[in-house]
Each structure stands twice: as structure tokens, then as C-alpha cells.
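Work through the exercises below with the structure open. Try each task before reading its solution.

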There are 2 protein chains.
Amino acid sequence: MDKFFSAKHVAIIGVSRDTRKVGHVIFRNFVDEGFRGKFYVVNNTADAILGHPAYKSVLDVPARLDLAIVAVPAEASIQVVDECGRKGIKNVIIVTAGYREEGNMELDKRLEETLKKWKIRCVGPNCLGTFDAYTKLDTLFLPRYRLRRPPEGRLSFVCQSGAVGSSILDLATSQGYGFSKFVSYGNAMNTDESDLIEYLGKDSKTKVICLYIEGAVSGKKFLKTCRAVTRRKPIVALKGGRTEEGSKAAISHTGSLAGSADVYSAVFRQAGVLEVFSLEEMFEVAKVLEKAQKPAGNRIMAITNGGGYGILSTDAIVQNGMKLASLSGVSRERVRKELPRVHTENPMDLLGDASTEGYKTALDIAVNDKNVDVVLLIILYQTPLVTPEIVDIVVEYNDMKKKPIVVVSAGGEFTEVLKQNLESNGIPNYTYPENAIRAVRRLVEY
Amino acid sequence: MDKFFSAKHVAIIGVSRDTRKVGHVIFRNFVDEGFRGKFYVVNNTADAILGHPAYKSVLDVPARLDLAIVAVPAEASIQVVDECGRKGIKNVIIVTAGYREEGNMELDKRLEETLKKWKIRCVGPNCLGTFDAYTKLDTLFLPRYRLRRPPEGRLSFVCQSGAVGSSILDLATSQGYGFSKFVSYGNAMNTDESDLIEYLGKDSKTKVICLYIEGAVSGKKFLKTCRAVTRRKPIVALKGGRTEEGSKAAISHTGSLAGSADVYSAVFRQAGVLEVFSLEEMFEVAKVLEKAQKPAGNRIMAITNGGGYGILSTDAIVQNGMKLASLSGVSRERVRKELPRVHTENPMDLLGDASTEGYKTALDIAVNDKNVDVVLLIILYQTPLVTPEIVDIVVEYNDMKKKPIVVVSAGGEFTEVLKQNLESNGIPNYTYPENAIRAVRRLVEY
């Protein structure tokens, strides 16, 4: 499985001269993006593509290969895969479409048999394939000016739908998320979501696995795999086709027998998988799992310089089944002495003229209180007494690793700069208190 | 009431030389932002501030005044307001804090009596005051580098909490929302949310009223006012303090007797107010109400180039109690002939290689079908065959005003540019299908 992401000798089969064609776009990923291994161009009509020698067949490549990327038309793919087998290649990514999903069952069967004959592991067909932010192996055939590739990180994303996967990868990148691996596995001919999840479970660079799934190839295998993996790292899953109508649409999309939403929810629960209910929630939950430490319990302490935010956060904490932390006697005494203008202890409202120093005191009280499990820090950067140095203070307290700290800030450019600063120092930031609390709930649950 | 937003002769009382002080920041708003009227600086110790002559008292200002902004300390405010009365000013905005909300009941009473004596209408005290994007009257005492001011638009925002109001105004501005008027009314001494809503109901520049409220000053007045206003324009309301715990926090915040969430929900329903449950939802709903035309019913037609998005949208449509539109016979015939690769009619999946031309055909079918009430257009701009010209086509169909069109696109910079293009042409855009559908539901309900 590792070769799908970390192969060092890769053949790209079907590299067209036409810059808009799938094979060409993949080729350009290898040329432009600093792929860490060697790659070989296969094209049965050209001698060279943009200065790279082209081989008529993979059999002509003068090197041992550990991965082939197949981007030839479906009819030609059988012969190409057979040649891969003869070459001794054990991993192929077939991005080509036109098999069972278009009713070509005969072709589908022949491809399956060819793969079986040579014991080749295959991602696809009918998929976007894989992306690895570390090795720069990248079969996403969407141009980089339209779809930005994410930086190195610790999220991995297994996505049945290529469109959901690629657009969300693009969006998440623009929001500052880092990734380890991405895979869109299409028809799952002999590699399904469970195989990929199992592999990512062992991948040291993956801390959180995100999954968009319409239907599991094997429910039993899925349950067994996820149960084992979630002991080591969290899986966040979004199920497409939760309603009867959505489920019908899924059948036409990926041929998935989607199964009832309740069954999936039960499987997720049994397997320790954190189920989410929207694309937005998926990455919000993944972020807190990736960045924040595990809390001891569900008692949340809210600190704010905006009273309304404290109230909305309180509502959300209660509505998500968590508790408002009740400060210890020692902490209450400190609040009275050191923050005399603060009336309520949770949410601790530092008032509109709160200073960076006031935040430091409040943070110090909260992270040292045994009755507090999670600190929800609401910082509205609009007020002048909140100086940019607050970033250093929050980072300092977060680095003590006493309690998970989650920050909420809503605003424009000035706010964004400071938020991104905190994010890049490993602190999860959210725009809306309701969304932050929804994510924290999953952190507590895991 | 109009003077709070459109006054032409304004005194700013309490303009300090200290650039960090509230009065100075307000003064700078008038200097820097192109206020359309005349303003006069009042400062009892200086002769001039940054070249602007300063008057010792409002009584010394050599002009008739229709608004005074009061930014002196609470103790000095009584005399200042009394002088405003003697000067014949009938509207004051008192941003100063330190009255009942800090337990100073005696001062509070004296201020109230002084206002009554001179029949002065007051916004505040203890508030951020008002902002008008058209007249540039702007009492928000938060520096513009931290809090961007929005461009002219048709949303108005009444916000009990200054922090919620200002941070969300800043955020909404960075997201491209335009505003007419903003008001944070603080202690609501003699002008409350109902007065402001009533005024905005008659304001021709306000198309949608957003409201963040912890507790209404008078429930009866609120119900009566909203009922009348919602006949003319929508009100979108978020209630802070929906839980018992949140409600307790609200009492300490604005002294609001928050009342049970159920009571508020019932009042909102009776008054035709659209209740939302998060800050994020508030502006997502406001956007669709501002931009989209009223649909004839709740039958949604989804068009997509990403199958997974079609499925998630279908789930969301059903879960929000709306219907998947069922195409007419004529339309089905057109799909078969003109879009032969499309298998399912709703969601209409144009597939990953959908072109701009394909979208045009699908749009043409949808907007001309009598069985369709709303068109949900999912456009993933990552694929090369979706050319930027799609913006012109969507605008063209939207301008026909046959059906409301709502667009969903997730992605990075490339996507953002095209989304903003559609937005500025009056088409509501969303990142996530679930959020778009949640907003469309309110458009249908209103």
C-alpha cells in the first residue's frame, strides 16, 4: 500500500502532448512540484514530451518500477496493465473512467482479472488517485491554478467522491490546513476504504483520518478495521446519502448500496468513528483533534471580552451536552483579587476594555484550576487594548500542555492575521462560538 | 429617529487629544471617512484638535445642531446632556458607560430625568452607537485598522451586544456583505430594539433587518412592531441566552430578563420573525433574503458537476423539510436530448467533465420548468472545462428573474474570485451545500 504514496520509481502511462489531457496534467505535477523520486513518461506515439524521453511501453523503461499511473482510455487499459504485470509492477493507480460506472461490465471484468493474474494492487479505476504532501506524489489531474495543493500536515482524507475530495482539499488548503495524504479511490476494484483506512492507521505522518463515504464495500470489514484504527487515532466520517432520496442519488453516483443512515450511525458508534453531519463540521472537528491535546473531561471554561459571545458559548456548551466549569475556591479568590471588575466566573467576561494582561491572568487561573478541562478563549481583536502580544501569551500557555485551549475570534483582515498566527503555533481557531463548541464536543467524545 | 443616522450638523462632545480615547476615535471617523454633513468638536480644555476648532461647550457651537455624540465620563454626562437640551438638540448618542450596568442607579436616574426634561431621544448609554454606510455617520469607537467598515448595502443590524455587533460587522465586511445601518443600543434608556426595528422597517435603504437580542425591553411592543415590519421586509433574529445557563449570563451582561427560549421562539413565530440559531446562520440567511427573489414554493432543483455534492444537497433538502423538484415531461425530454450523459434528473449530475455550455443547458431547463421553485447550482471550479464565462451565464439567467438561483462552490483563491464575481452581481453564494439549503429554507418560509 505504501507505494501508492511513497513510490520512488513511477511510470506515468498515457502522457499526452495536449496540456489539457489528464495524463499531461499528472505529468506536470511530477515535473513542477518537486517529486522526490524518479518518473518515466510512457506514450506510444511520441519520442519525448517537453524534453522528457517517452517510452512506447512500460516494458521499455530502463529501470525497476514500483508504481504505474494509468491514464490511457479504458479500452487500452487492459493491455497496459498486462504490461505492468510483465514489468513486475505491483501497484497501479488507474484514473481512467469508463468501466462498470458507465455500464461496461465486460471491460470491468477483464481489468479485474488482469489485476488478479499479476497480483497487482490497484487504486481506482475512475478516480482522482492519490496526493502525498511529503513525497509530492500527485495524480490529481486538476490544474494547480484552480486547485491548490496543501502543505505538509497531519490530516489525511479518504474520499469516495473525487469532486468532494478535491474541492474540499482546495478549500482546506486556503484555510491553512496541512495534509499528509489524500486519496480518491473511485470504483474500489481491489482497494477499498477499509484498506486505505488500515494503511493510514499505521502511517506515522497521519494523526487524524477524515472520511467521506457513500457506502462501504464491506460493512463487516469496515467495522473491524475502524475499530482497530480508532484505538490509535481518530476517524471523522461524513456519510453521504443519509436520506432515502440522497441514498438513491448515491446509487447512481458510485453504485453504492448506501444502507440506512441509522445503520451507518450505529456502525460508526461501535467502531469509535466520530460521525459528522456536514462538510463544514468535518474539518472543524478534524482541526481540534489534530491540534488540541486530549481533555480530562467535559467541563468548559469560557473567557471573553465580548459578553454576547460568552452567552452564545454558554448556550452552545449546554446544548452540546457539556458542562460549564465551576472554578475552585482558590481560583475564585484570584478572580476577586486580580480581576476585580469581572462579575461572573464562567463565562468570565473581561469586558470590552480587556487588556492582554487581563487575558494572561484569566488564562493562568483557568489552566491551573483542577475543575477546568477545556479553555474556550474568545478574543475579539477589534478593541485596541488587546495587543498582538496576546498571541505569544496564548502560545506560552498552550505550550505548557496543561489543558486544551481553543480560540474563537470573528473579524476581518486584522483578526485573520492573528488567528493564523495562533493556528501555525498549533492552537485551533474558530470564527463562530457555536462551531467551536460543536468541534470541542467531539474532542471530548474521542 | 432619522437623526441618529442622517444628521447633518453633529457635535462630538468629549474629543480628547489622546488618540486612543473613545472621543478621539469617533472624531477621526468623521475626519477620515467622508462624513457628508458638518461636525463640531467640543472639548472643555483645548482650543483645537488636529486643526479643528474646539468649543468649550455645545452651547458655544455657532450652528443649529441635530445630533450630539456624548463621549465624556459618566459623571460629566448629566451637565453635557442638559446643555444639549438648552441648545435645542433632540437626539443624542451616549457611548459612555458607567450607569446602571455598573450599579450607579442614582446617576442613571438623573440622566433619564434630564433626557425627559428636554424631550431628547437617546441611543445608549453604554453602547457603540450607530454606523450608516451611506451618510458615513460613524460612532464606532474601534479603530478602522482593526474593524473594517462595510460598504453600502441593504442589510441593517440591530445588536444588543456591542462586541457581537462590531466583530460580526467586521467579519461580514471581509466576506463582502454591504450594509445600510448598524446600531448597538446598549442600556436602551429611551430607545429600544422595537423603536429601532420600527424605524428600519420604514428605511428604504434597508431590505433585511438582522437582530441579535438577549431580552426585549417590552415583549408586547416587540411583538406588535415586528408583526408590522415583517409584512414589509424580513427580520432575522438570533436570541442569546436560550439555555438556563446562557440566560443567567445574559442577566449579568445587559441586565436582560432573558425569558425562556420557547417563549421567544413563539413570539418570533407569531411576529413572522425568522429565528436562527447561530451567528453563522444569521448572515447566511440574511444574504439569501437580500439577494434572491421570493420563490413560489419549496421544490428545489439541484444541478452539479460533483456527484457527492448532489447527494449531500439532496440529504439537506429533505432534512430541511423541502422537496426535490420533479422535472416536467418537456424538461425530461430536453435532458435526454441535450444532456445525454446525465442519468438522474434531480440532482442533475453533469459529471466531472461538465462544461460551461452544459451548465447553460441545465440552467435553461431548470428556470423554464414550472415544477421548479428554486435552482441550487453547485459549481466546482476546479475542473478546467468550467470556464470563467460561466459567471456571465449565471448572471444572465438570474437577471431573467424567473426563479431564485443560489450557488454553492467550495475551493481556494480561484474559486473565491469567481464566487465574489457572482455575489457582486446579486447572486447568493455559499461554500457548503448544507448551509446553502439551511438558508434557502428561510427564504421559502418568509
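**Exercise 1.** In this predicted model, find how E12(A) and E13(A) pair, and over how many bridges.

*Solution.* Start with strand E12 of chain A, residues 235–239. Its pairing with E13(A) is parallel and spans 3 bridges. Now look across: Val236(A) faces Leu274(A) of E13(A).

**Exercise 2.** Place the strands in their sheet and say which ones stand at the edges.

*Solution.* Step one: read the order, E8-E10-E9-E11-E12-E13 in chain A. These 6 strands make an open sheet with mixed pairing. Step two: check the ends. Strand E8 (129–132) and strand E13 (274–276) of chain A each have a single partner strand, so each has one side without a neighbour in the sheet. Step three: add the twist, which averages 20° from one strand to the next.

**Exercise 3.** Which strands does H10(A) touch as it packs on the sheet?

*Solution.* H10(A) touches strand E9 (152–159), strand E11 (208–213), E12 and E13 of chain A. Then compare directions: those of H10(A) and E12(A) make an angle of about 175°.

**Exercise 4.** Describe the side of chain A that touches chain B by its helices and residue classes.

*Solution.* First, the count: 66 residues of chain A contact 66 residues of chain B. Next, the elements giving two or more residues to this side of chain A: helices H5 (162–174), H8 (244–254), H10 (279–291), H11 (307–319), H15 (413–424) and H16 (433–445). Last, the classes on the chain A side: 24 nonpolar, 30 polar and 12 charged residues.

Terms used: Residues numbered from 1 in each chain as written. Chains lettered and ligands numbered in written order. Predicted model: local features only at pLDDT ≥ 70, side-chain atom pairs only at ≥ 80, totals over all residues. Contact = placed C-beta atoms within 7 Å. Helix = DSSP H or I, 4+ residues; strand = E, 2+ residues; numbered from the N terminus. Nonpolar A, V, L, I, M, F, W, Y, C, P; charged D, E, K, R; others polar. Pairing = 2+ DSSP bridges. Axes fitted to C-alpha atoms, helices over the stretch in contact; angles between N-to-C directions.
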